[in-house]
Amino acid sequence: MRDFDVDEPGEDGLSVSAPKTWATGAPAVVHALQYALGQTSPKRTALTLLNINQTKGFDCPGCAWPEPAPGKRHRNEYCENGAKHIADEATSRRVTADFFRQHSVDELSRKSDHWLNQQGRLTEPMVLREGATHYEPIGWDEALDLLAGELRALDHPDEALFYTSGRLANEPAFLLQLFARAFGTNNLPDCSNMCHESSGSALGETLGIGKGSVSLDDLHDSDLVFVVGQNPGTNHPRMLSALEETKRRGGHIVAVNPLPEAGLLRFKHPQKARGVIGRGTAIADQFLQIRPGGDLALFQALNLMLVEAEDKEPGTVLDRAFIEAHTTGYDAFAEHIRETPWDAVLEATGLTREEIERVHERVLASRSVIVCWAMGLTQHKHGVPTIREVVNFLLLRGNIGRPGAGVCPVRGHSNVQGDRTMGIWERMPQAFLDSLEREFGFTPPTRHGLDSVDSIRAMRDGHAKVFLGVAGNFVRATPDSDVTEQALRTCRLTAHISTKLNRSHAVCGRTALILPTLGRSDRDRQAGGEQFMTVEDSMSEVHATRGRLAPASAHLLSEVSIITRLARKVLGSSPDVPWADFETDYDLVRDRIARVVDGFEDFNERVRRPGGFRLPNPVNSREFRTPSGKAVFSVNDFTLLRAPEGHLVLQTLRSHDQWNTIPYAMDDRYRGIKGGRRVVLVNPADLADLGLADGSLVDLVSVWSDGVERRAEAFRAVGYPTPPGSAAAYYPETNVLVPLDSVADISNTPTSKSVIVRLEHTAVTAPA
């Protein structure tokens, strides 16, 4: 089934130029302003841009990169994509009841993600009744009664699913998990399951906490920063400013990625003269173009070289005092690492031994090392072992728990880390559940709930019957698109708390609800006065976010209001939770968070300080909350990812004009792609070997052991400097190719960076 709209402009206008060798600069400012002014008025644009990421403003709903401390922030503390993201939310376009009268659900299901998003903000609750073809308006009380009735009618609470994305702030996240657990289930899948779950699994096992350990100051002061499996120029551009500061202070950067990303080559800071009229700053001192999935082999090779160097000159290479005092498992690790075969390393990585030896020399010359990573590490079958090996690498020289050193998983969505802290996890530790019980007087369920992948399986198999999505776009964020859509359509009811239209609203259960909510930039006035909420960034900084714009409609409710009203209708007065008070005054929610969640003592007082506060990380005191009380060296095996002859290893990725599942435009400026998204980037030598010309129209067909053919049709093959044997294409268009059962060991994260595909000449013409 083709997943593009045949009525929209297609790929015939596609043009391709050479990839850029630098990022940002004046063009980023121009593109951001053009997009913003295309969405709303100059006055509204100015109001949003002057308040985004400011201490008395609102947090960017985009990535989770931290802001500098108050007094060190620029007046324009945002990036190109952040400006687009907030303009997208602050748009003056509106989706009204008339829109839904004009467009059937079937018609909406055939529209592209871009078209759906561009229609504007949702304005009133809508219902698709069983057997109907169109959504129609519904009052808030009736809508919540309908949802509450379906929840109460379930045979067991585990037949309900409560999904969130990282757009949700701390207060509604805490209330959602409280409601779900009071209802009787731990089914709290979230977007982390698809991205950094591998990070949390690996770091929790080895260091005792599933979060990064570094601050912005650490990054600035580090001698050596690895940026691995990550494209900051597109996904979190403000990181480039931090890396530029690292370089300014004498630090070095090693970039490890299958594609040469413009931002890691050279950065032109748009707020500095050298970034506007000068050449900018070269970011990566060394770029390793690694094969997809080869990172585990790379870090094992580096660890082998460190251990062998220590063997030759004992006491001069490794931090033996740290290893002996603060770690366990070194001997087994060292014995295993000495058996690492160099021929397999070179095949897995696609690198030369000389390239790896140059990195080794940089490591030996550095007193402090940070490793940053993103989806390029986590979305492989061996994602967890890869990150465990990164921890091994840092432990060897004591680069954990001291300034300028540590682990830095870079989260890709605004409050995804905060949601986990608030309890949005299907496997929260017993200590958290016990704290909930003490505070609210009910016994939460202890049986582990379902993550995102298992939730799809449960709907598919008829075990889950009501789906509530709070923010996000579940249909397009998840793998195996056809299976996911069929699974959702088996539900008795699907409901989405959303700000804008997306494809999830067109993939409906027997009954469906759209519950429109306030955006991050909207003022939130309740009976107790104007409210604010809080978020936690990638580096564990917690701060306030206050909307400044008039809401898109008088009919919108805040997420706190929707959740608390629903909880009252479902649960009544049992347990005795003051839901109505929580809706009136969010300070009351924060008071309860302070008593339940470690590190949030005096929450209301501390978060009102400019810039908020940083949560404690025991790792930085070299306190490791593992069973042994020490950091854990692990033994990890890497398997070579080999595609059969005539096949390629495909990784899915974002374009530059995209945030998560939503494209803002059809271009990818830094990669030289304009006017289309249905492109597959392939090494020119591979195109020749496959008998394909640059520009050929091909279908992508994934190969998996279940024998099911998964096909994404009508993609233009574009010659591009990918590693030999690999390819890249944009998601969500290629999520259809990722098998539901192809997941990372331990974390259950979809393996979206290692999909085996073949390219076939397409049997259809591209849309006109």
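**Note on the predicted model: aromatic pairs, the β32–β33 loop and backbone geometry**

1. The structure holds 21 aromatic pairs. In one of them, Phe226 and Phe299, the ring centres are 5.8 Å apart and the planes meet at 50°, so the pair is tilted. Phe226 belongs to strand β8 (residues 224-228) and Phe299 to helix α15 (residues 295-312); with these positions 73 residues apart, the pair links distant parts of the chain. Both Phe226 and Phe299 are buried. The model is a predicted one, and this applies to every value below.

2. Ring pairs also form a cluster, whose members are Phe99, Phe100, Trp115 and Tyr135. One of these residues, Trp115, is touched by His103, which also touches Leu108 and His134, residues up to four places away in sequence not being counted. His103 itself is placed in the loop between α4 (97-102) and α5 (105-109). Its relative accessible area is 14%, under the 20% limit, so His103 is buried. The side chain of His103 is joined to that of Glu107 by a polar contact of 3.0 Å.

3. Two arginines are placed over phenylalanine rings. Arg546 lies over the face of Phe532, and the distance to the ring centre is 4.8 Å. For Arg606, the charged end sits over the ring of Phe613, 3.9 Å from the centre of that ring.

4. On the chain overall: the secondary structure comes to 31 helices and 33 strands. The radius of gyration is 25 Å, close to the 27 Å given by the globule rule for 768 residues, so the chain is as compact as a globular protein of that length. Along the principal axes, the C-alpha atoms fill a box of roughly 75 × 60 × 55 Å.

5. Of the 768 residues in the chain, 66% are buried. The exposed surface of the chain is about 26,200 Å², and carbon and sulfur atoms supply 50% of that area. As for contacts between residues at least 6 apart in sequence, 79% join residues at least 24 apart.

6. The loop between β32 (726-730) and β33 (755-761) deserves its own points, beginning with Ser747, which lies in it. Ser747 has 3% relative accessibility and therefore counts as buried. The side chains of Ser747 and Thr749 make a polar contact of 3.2 Å. Beyond its neighbours within four places in sequence, Ser747 is in contact with Glu197, Ser198, Ser201, Val384 and Asp451.

7. Leu740 is found in the loop between β32 and β33 as well. Leu740 is buried, its relative accessible area being 2%. With neighbours within four places in sequence left aside, the contacts of Leu740 are Val453, Ile456, Arg457, Arg460, Pro479, Asp480 and Val483. Lys312, 428 residues away from Leu740 along the chain, has its C-alpha atom 47 Å from that of Leu740.

8. Ile746 is another residue found in the loop between β32 and β33. At 56% relative accessibility Ile746 counts as exposed, whereas Ser747 counts as buried. Phi of Ile746 is near 80°, a positive value, and the residue is not a glycine. Most residues other than glycine have a negative phi, and most peptide bonds are trans. The backbone at Ile746 can be checked against that background, as can the residues in the next two points.

9. Asn660 likewise has a positive phi, near 50°, in a residue other than glycine. The place of Asn660 is in the loop between β26 (658-659) and β27 (662-663). Asn660 has a relative accessible area of 18%; the limit for buried is under 20%, so Asn660 is buried.

10. Cis peptide bonds occur at Pro575 and at Pro732. The bond joining Ser574 and Pro575 has an omega of about 5°, and Pro575 is found in the loop between α27 (559-571) and α28 (579-584). For the bond from Tyr731 to Pro732, omega is near 10°. Pro732 lies in the loop between β32 and β33, where Ser747, Leu740 and Ile746 are also found.

Note on methods. Residues numbered from 1 in each chain as written. Predicted model: local features only at pLDDT ≥ 70, side-chain atom pairs only at ≥ 80, totals over all residues. Heavy atoms only, no water. Phe/Tyr/Trp six-rings, centres within 6.5 Å; stacked < 30°, edge-to-face > 60°. Helix = DSSP H or I, 4+ residues; strand = E, 2+ residues; numbered from the N terminus. Buried < 20%, exposed > 50% of the residue type's maximum accessible area, 1.4 Å probe, protein only. Lys NZ or Arg CZ within 6 Å of the ring centre and 35° of its normal. Polar contact = N/O pair within 3.5 Å; in protein donor to acceptor, adjacent residues only side chain to side chain. Contact = heavy atoms within 4.5 Å. Rg over C-alpha atoms; globule rule 2.2 N^0.38 Å. Areas by Shrake-Rupley, 256 points an atom, 1.4 Å probe, with all protein chains shown as cover.
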